[in-house]
Amino acid sequence: MQRFKTIIVEDEPSPRKELEWLVGQTPQLEHAGTADSVEAARELIIARQPDLLLLDIQLKDGTAFDLLHHFPNPAFRIIFITAFGHHAIRAIRFGALDYLLKPLCHEEFSQAAERLQEQESAYQQRLELAREMALPGKPADPDDRICIPSVDSLHMIRLGDIVHLAGDGAYTSITLHPGKKITASRPLKHYESLLPPEQFIRPHQSWIVNRSRIAKYLKSGFLVMDDQSEIPVATRKRDHIIQLLSTYR
């Protein structure tokens, strides 16, 4: 059984101790540290590289969302734990695995941990299929296909049909020609490692584009794609992107 490195972010002593006890009683989880503020949590996440955050929303120096803005494409999963229900919609946008209300129900906590294990097992199976479909070692061909897992489906996508990918927290929005969109259930950096680098470039931390779909580069610092969408190019990457485009055949 895989164990998930878990960081607890909670500023109240009583629920913090309860969470530490629950993590210790849950076979899937391994306690990797505890923080009681946004800044302490940020430093701990960078140092420990967790698989899971148990995250209170109201912290003494800010909110969980302030913390997550420091990690726009997180590799970790998130279970929000709060006394308030009105943050649920915003939590979902950040790709929450679950949203548990205080006082904690131990059975609900165990069920959330089981869902984490089930999702990871299913993801590993999809990843193996995706790696096979990516045809590593073979020159990129527009007709090659890649397997894109969404929440409830596996999409077999031609590389040549991908226009661009946009990171959205734990998810990635993939735009295809001629205008179809898929929300994939993995962060952008996952697809950066999966897609062939000779065909796909990352001009900005939140974007990956298909070089064959670029129509032009604007001196204002934007790539115009063949669907007329405009993708920002980070200032520090502009010279590199211009060089790549000038040598692309």
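Which residue forms a salt bridge with Asp56?

## Asp56 and its network

In this predicted model, the partner of Asp56 is Lys102, and the closest N and O atoms of the two residues are 3.5 Å apart. The pair links distant parts of the chain, since Asp56 belongs to strand β3 (residues 52–56) while Lys102 sits in the loop between β7 (98–101) and α5 (106–133), 46 residues apart. Asp56 has a relative accessible area of 4%, and because buried means under 20%, Asp56 is classed as buried.

The contact is also part of a wider arrangement, in which Glu10, Glu12, Asp56 and Lys102 are linked in a network of salt bridges.

## Asp98 and Arg115

A salt bridge joins the side chains of Asp98 and Arg115, with an N to O distance of 2.0 Å. Here strand β7, which holds Asp98, is linked to helix α5, which holds Arg115, and the two residues are 17 residues apart. Asp98 counts as buried at 14% relative accessibility, whereas Arg115, at 32%, counts as partly exposed.

## Glu192 and Arg202

The side chains of Glu192 and Arg202 form a salt bridge at 2.7 Å, N to O. Because Glu192 lies in helix α6 (residues 188–194) and Arg202 in strand β13 (residues 200–204), the pair ties together parts that are 10 residues apart in sequence. Glu192 is partly exposed, at 41% relative accessibility, while Arg202 is buried, at 16%.

## Whole structure

A search of the whole structure finds nine salt bridges, among them the pairs Asp56 with Lys102, Asp98 with Arg115 and Glu192 with Arg202.

Key. Residues are numbered from 1 along each chain as its sequence is written. This is a predicted model: local features need pLDDT of at least 70, side-chain atom pairs count only at pLDDT 80 or more; totals for chains, interfaces and linings use all residues. Side-chain values use heavy atoms; hydrogens and water are left out. A salt bridge is a side-chain nitrogen of Lys or Arg within 4 Å of a carboxyl oxygen of Asp or Glu. Helices (H or I, at least four residues) and strands (E, at least two) are DSSP runs, numbered from the N terminus. Buried means under 20% relative accessible area, exposed over 50%, partly exposed in between (1.4 Å probe, protein chains only).
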